[in-house]
Amino acid sequence: MRVLGVDPGLTRCGVGVVEGVAGRPLTMRGVGVVRTPADAELGLRLVAVEQGIERWLDEYAPECVAVERVFSQHNVRTVMGTAQASAVAMLCAARRGIPVALHTPSEVKAAVTGSGRADKAQVGAMVTRLLRLDAPPKPADAADALALAICHIWRAPAQNRLEQAVAQNRLQQAAALHAAQAASQSAPHHASKGRTA
C-alpha cells in the first residue's frame, strides 16, 4: 500500500509518501512541505496548496491519502487555516477517486511512538527509526506527514476488519428485523384462519 500523508497547514503543509504493509519494514518514497507566503491572499494560498498536493498525487500515485483530523485549539485562526488546507487535500484526493482517511494527532502519536502524548521530537525520532532514515525529516510538519502515512498503513487492516464487522452486523440486524416484520404480518392472518364460528 502506498499512502500520501498530509499534515495540513496554510504556511507549511507537510507531505510524505510511505509504502509497505503492516508487519513489514516500510519505505519512504518522498517527503517535503508545500509552502505558501503568509502575506498572500487566502484564496491564492489555497490554490498554491492545491497545486502542491496535485503535484505529489501526480508523482507518487498513492492508493490512499491520510490527513490529520483537525481538532479544536485555543487559536481559532490557526484552526481555520489548518481546516482549509485539510479540505483542499481531501478535495484533491476525492476528485481522483482516492480514498481519504482522517487520523487524530493522538492516534498518530500512539501508533508511531506508543504514546498519544508524545512530543514532536519523539515522533520525528520514531519516524526516522521506522523508515531507516539518516536523520529526522525537517521541518516537523514533514515528519508528521510521514507519521500519518505510517499510522494509516498500520491501522488500515484493523480498520477494514472493524468496518466489515459493523457492516455484517447491520446486515444481520436488517435480516432479523425483516424476518420479525414478516412473521408479525402473517401471524394475525393465521390466527383468524384458525377461528371457527
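Helices are DSSP runs of at least four residues, numbered from the N terminus. Helix H5, which spans residues 140-194, is such a run and contains Asp141. The model described here is predicted.

The chain has five helices and five strands. From the N terminus on, the order of elements is β-β-β-α-β-α-β-α-α-α. Of the 197 residues in the chain, 37% are buried. Contacts between residues at least 6 apart in sequence were also examined. Among these, 62% join residues at least 24 apart.

Two helix pairs were analysed. Two packed helices are described by the angle between their axes and the distance between the axes. Helix H1 covers residues 42-60 and helix H2 covers residues 76-95. Their axes are 9 Å apart, and the packing angle is about 40°. Angles from 35 to 65 degrees fall outside the parallel and perpendicular classes, so H1 and H2 are oblique to each other. The crossing of H1 past H2 is right-handed. On the H1 side, the contact is made by Leu42, Leu46, Val49, Glu50, Ile53, Glu54 and Leu57. On the H2 side, these residues meet Gln84, Ala85, Val88, Ala89, Cys92, Ala93 and Arg95. By class, the residues of this contact comprise 10 nonpolar, one polar and three charged.

The second pair is H3 with H4. These helices pack at an angle of about 50°, and their axes lie 9 Å apart. H3 and H4 are therefore oblique to each other. H3 passes H4 in a left-handed crossing. H3 contributes Lys109, Val112 and Thr113 to the contact. H4 contributes Gln122, Val123, Met126, Val127 and Leu130. The contact of H3 with H4 holds five nonpolar, two polar and one charged residues.

H3 itself runs over residues 105-113, and its residues Pro105, Val108 and Val112 are buried. These three cover an arc of only 65° around the axis, which puts them on the same side of H3. Val112 also takes part in the contact with H4. Just after H3, Gly114 adopts a positive phi of about 95°.

Positive phi values were also found in residues other than glycine. Ala61 is one of them, with phi near 45°. Ala61 sits in the loop between H1 and strand S4 (64-68). Its relative accessible area is 53%. Ala61 is exposed because the cut-off for that class is over 50%. Arg132 is not a glycine either, yet its phi is positive at about 55°. Arg132 belongs to the loop between H4 and H5.

The loop between helix H4 (120-130) and H5 also holds Pro139. The peptide bond that joins Lys138 and Pro139 is cis, with omega of about -10°.

Ala140 and Asp141 both belong to H5. Ala140 is partly exposed, with a relative accessible area of 30%. In sequence, Ala140 and Gly124 are 16 residues apart. In space, their C-alpha atoms are 7.0 Å apart. Asp141 has a relative accessible area of 13%. Asp141 is buried because this value is under 20%. Asp141 and Lys120 are separated by 21 residues in sequence and by 9.1 Å in space, C-alpha to C-alpha. With neighbours within four places in sequence left aside, Asp141 is in contact with Asp7, Arg12 and Gly14.

Leu26 provides a further example of contact across the sequence. This residue is found in the loop between strand S2 (12-19) and strand S3 (27-35). Leu26 counts as buried, at 2% relative accessibility. Leu26 and Leu131 are 105 residues apart in sequence, but their C-alpha atoms are 5.9 Å apart in space. Residues up to four places away in sequence were not counted among the contacts of Leu26. The residues that Leu26 touches include Val18, Glu19, Gly20 and Val21. Also among them are Leu130, Leu131 and Arg132. Ile150, Ile153 and Trp154 complete the list. Arg132, with its positive phi, is thus one of the residues in contact with Leu26. Leu130 of H4 touches Leu26 and also belongs to the contact of H3 with H4.

Notes:
Residues numbered from 1 in each chain as written. Predicted model: local features only at pLDDT ≥ 70, side-chain atom pairs only at ≥ 80, totals over all residues. Heavy atoms only, no water. Buried < 20%, exposed > 50% of the residue type's maximum accessible area, 1.4 Å probe, protein only. Helix = DSSP H or I, 4+ residues; strand = E, 2+ residues; numbered from the N terminus. Arc of directions from axis to C-beta. Contact = heavy atoms within 4.5 Å. Axes fitted to C-alpha atoms, helices over the stretch in contact; angles between N-to-C directions. Parallel < 35°, antiparallel > 145°, perpendicular 65-115°, else oblique. Left-handed = near helix turned anticlockwise from the far one by under 90°. Nonpolar A, V, L, I, M, F, W, Y, C, P; charged D, E, K, R; others polar.
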